[in-house]
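Subject: A structure to look through

Dear colleague,

Here is the structure I promised to hand over to you. Please open it beside this message and find each residue as you read.

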Amino acid sequence: MANRVELTFDFVSPNAYLVWWPLREVLRRTGAEIDVIPVFLAGMHKLTGNAPPFMRDADVKGKNEYAMLEMQRFITKHGLSHYRMHPQFPFNSITLQRMLYAADQDGRGVQFVEAMLKAIWEESIDFTDQDALGAALSAAGFDAADLFTRSQSDEVKEGLVQDTSAAVERGAFGIPTMFVGKTGADPSTYEMFFGKERLDQVEEELAKG
């Protein structure tokens, strides 16, 4: 039985927030585990030739409006009433992603994601303000100064670049992309699913014997 989901993740995507909580419910129901794979979405777009949907589809009459309708339906279905569009969107997430990479090195990637998703997409903190960001991290039990220092290291910077490139090599082109498979199995055997609308398929894959 498949028992692991590898989630490519960047805080800049509203869908990263929207998929997270329903995915956690899927994991709870199936007993599966999650690995967060920090990537830099802007770098992913550059590597794949992709672009944010609101830009890519701007000239297609009605498409962005329909996407917003579908987003609202998803929010309603999953009870994500605390979600708020961040006033700084679209923002540069590179420092956040490097800090996530550093936290994940400590085995605390999931905790970092849950703390910062709420701060960004529910509380709309100004994360360009180091004091505000530091306060949010400290409240979640992180050493903000340590994470920020490590986020500036060559090791972390290169690690994020490598994770982004590796995700693209596996076929990822956007957020959220989920790879589902068995712990310890060859990554090439994992099934790829793109988009929050694929959660039912992810759960079906996890339930296969």
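What follows is a walk through the charged residues, one pair of helices and a few backbone details.

Please keep in mind from the start that this is a predicted model.

**Asp10**

A good place to begin is Asp10, which sits in the loop between β1 (4-9) and α1 (14-30). Which side chain of opposite charge is nearest to Asp10? That side chain belongs to Arg98, and because a salt bridge needs the nitrogen and the carboxyl oxygen to be within 4 Å, the distance of 11 Å leaves the buried Asp10 without such a partner. Asp10 does have polar neighbours, however: its side chain makes a polar contact of 2.7 Å with the side chain of Ser93, and a polar atom of the Asp10 side chain also lies 2.7 Å from the backbone nitrogen of Leu41. Leaving aside residues up to four places away in sequence, the residues that Asp10 touches include Ala16, Val39, Phe40, Gln97 and Ile175.

**The salt bridges**

Side chains of opposite charge can pair when their charged atoms come close. The count for this model comes to 11 salt bridges, and a few of them are worth following in detail.

In one of them, the side chains of Arg4 and Glu33 meet with a distance of 2.6 Å from N to O. This pair links distant parts of the chain, since Arg4 belongs to strand β1 and Glu33 to strand β2, with their positions 29 residues apart in sequence. Arg4 counts as buried because its relative accessibility is 11%, whereas Glu33, at 46%, counts as partly exposed.

Arg4 and Glu33 are also linked with Asp35 in a network of salt bridges. Asp35 lies in strand β2 (residues 33-38), and its relative accessibility of 28% is the reason why Asp35 counts as partly exposed. A polar contact of 2.9 Å joins the side chains of Asp35 and Arg4, while the C-alpha atoms of these two residues, which are 31 residues apart along the chain, are separated by 7.5 Å. Apart from residues up to four places away in sequence, Asp35 touches Arg4, Val5, Glu6 and Leu7.

Glu6 has a salt bridge as well, formed with Arg170, and the closest N and O atoms of that pair are 2.6 Å apart. Arg170 lies in the loop between α9 (154-169) and β3 (177-181) and Glu6 lies in strand β1, so this pair ties together parts that are 164 residues apart in sequence. Are the two partners buried or exposed, or something in between? Glu6 counts as buried at 13% relative accessibility, and Arg170 counts as partly exposed at 30%.

Another salt bridge joins Glu205 and Lys208, with 3.0 Å between the closest N and O atoms. Glu205 is buried, having a relative accessible area of 14%, while Lys208, at 47% relative accessibility, counts as partly exposed.

**Two helices that pack together**

Please turn next to helix α5 (residues 94-105) and helix α8 (residues 144-151), which pack with their axes 8 Å apart and at an angle of about 110°. The two helices α5 and α8 are therefore roughly perpendicular to each other. On the α5 side the contact is made by Thr95, Arg98, Met99, Ala102, Ala103 and Gln105, and on the α8 side by Ala144, Leu147, Phe148, Arg150 and Ser151.

**Backbone details**

Most residues other than glycine have a negative phi, and most peptide bonds are trans. With that in mind, which residues are joined by a cis peptide bond with omega of about -5°? They are Phe89 and Pro90, and Pro90 has its place in the loop between α4 (63-77) and α5. A cis peptide bond also joins Ile175 and Pro176, with omega of about 0°, and Pro176 lies in the loop between α9 and β3.

Finally, Ser124 has a positive phi of about 55° although it is not a glycine. Ser124 lies in the loop between α6 (109-121) and α7 (130-139), and with a relative accessible area of 26% Ser124 is partly exposed.

With best wishes

Notes
Residues are numbered from 1 along each chain as its sequence is written. This is a predicted model: local features need pLDDT of at least 70, side-chain atom pairs count only at pLDDT 80 or more; totals for chains, interfaces and linings use all residues. Side-chain values use heavy atoms; hydrogens and water are left out. Helices (H or I, at least four residues) and strands (E, at least two) are DSSP runs, numbered from the N terminus. Buried means under 20% relative accessible area, exposed over 50%, partly exposed in between (1.4 Å probe, protein chains only). Lys and Arg count as positive and Asp and Glu as negative; His and the chain ends are not counted. A polar contact is a pair of N or O atoms within 3.5 Å; within protein, one must be able to donate a hydrogen and the other to accept it, and residues adjacent in sequence count only if both atoms are side-chain atoms. Contact means heavy atoms within 4.5 Å. Axes are lines fitted to C-alpha atoms, for helices over the stretch in contact, and angles run from 0 to 180 degrees between N-to-C directions. Angles under 35 degrees count as roughly parallel, over 145 as roughly antiparallel, 65 to 115 as roughly perpendicular and the rest as oblique.
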